[in-house]
Amino acid sequence: MWATLSTSGSCAQQDFVPGLDLSVHFTATKTGRYEIVCTQLCGLGHYNMKAYLNVMAEDDFEKWLKHKASEL
Ligand SMILES: [Cu+2]
C-alpha cells in the first residue's frame, strides 16, 4: 500500500510506504493548524487517513515543549 500525504496551505507532499521511515522537510511561513490528508486512494482505510500539522511561533513552541515535558 502506498499513501501520498499532502498538507493544506503548502505544497509539501510525500509518498509513504508502511514500515518505511521517511522525513519531510519544508519551511512553514505562516502559523496555524493545517490538515494533512492522503491524496491517493490507497486502500480501505483511505477515508480515515488524515492528521493535523500545527505551525507555531518559536516561543509558543518552547512553551508547548515545556508543557509536554512536564507531563512525562
Ligand atoms: Cu489514502
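The legends below accompany close-up views of a predicted model of one chain.

**Figure 1. Overall view of the predicted chain and its elements.** The chain contains one helix and four strands, which follow one another from the N terminus in the order β-β-β-β-α. Its radius of gyration is 15 Å, well over the 11 Å that the globule rule gives for 72 residues, so the chain is more spread out than a compact globule. Measured out along its principal axes, the C-alpha trace spans about 40 × 30 × 20 Å. Buried residues account for 4% of the 72 residues, while 46% of the contacts with a separation of 6 or more join residues 24 or more positions apart.

**Figure 2. Confidence along the chain, from strand β1 to helix α1.** The mean pLDDT of the chain is 85, with 93% of its residues at 70 or more. Among the elements, strand β1 (residues 3–7) has the lowest mean pLDDT, 71, whereas helix α1 (residues 58–70) has the highest, 96. Where pLDDT is low, the predicted coordinates should not be read in detail.

**Figure 3. Close-up of the pairing between strands β3 and β4.** Strand β3 (residues 32–38) and strand β4 pair in the antiparallel sense, and six bridges join them. One of the residues to look for is Glu35, whose bridge partner in β4 is Tyr52. Strand β4 covers residues 50–55, and because the number of buried residues among these six is zero, the strand lies largely in the open. In a regular strand, side chains alternate between the two faces of the sheet.

**Figure 4. Close-up of Gln14 and its surroundings in strand β2.** Gln14 belongs to strand β2, which comprises residues 13–16. It has 14 C-beta neighbours inside 10 Å and therefore counts as partly exposed, since that class lies between the cut-off of 12 or fewer for exposed residues and that of 20 or more for buried ones. When neighbours within four places in sequence are set aside, Gln14 is in contact with Leu5, Leu22 and Val24. Glu58, by contrast, is 44 residues from Gln14 in sequence, and their C-alpha atoms are 25 Å apart in space.

**Figure 5. Close-up of helix α1.** At 1.5 Å a residue, the 13 residues of helix α1 should span 18 Å, and the separation of 18 Å between its end C-alpha atoms agrees with this expectation. The number of buried residues among the 13 is zero, so helix α1 lies largely in the open. An α-helix has 3.6 residues a turn, so residues three or four places apart point the same way.

Definitions and conventions
Residues are numbered from 1 along each chain as its sequence is written. This is a predicted model: local features need pLDDT of at least 70, side-chain atom pairs count only at pLDDT 80 or more; totals for chains, interfaces and linings use all residues. pLDDT is the predictor's confidence in each residue, from 0 to 100. Helices (H or I, at least four residues) and strands (E, at least two) are DSSP runs, numbered from the N terminus. Two strands pair if DSSP finds at least two bridges between them. Two residues are in contact if their C-beta atoms, placed from the backbone, lie within 7 Å. The expected span of a helix is 1.5 Å times one less than its number of residues. The radius of gyration is taken over C-alpha atoms; the globule rule is 2.2 Å times the number of residues to the power 0.38.
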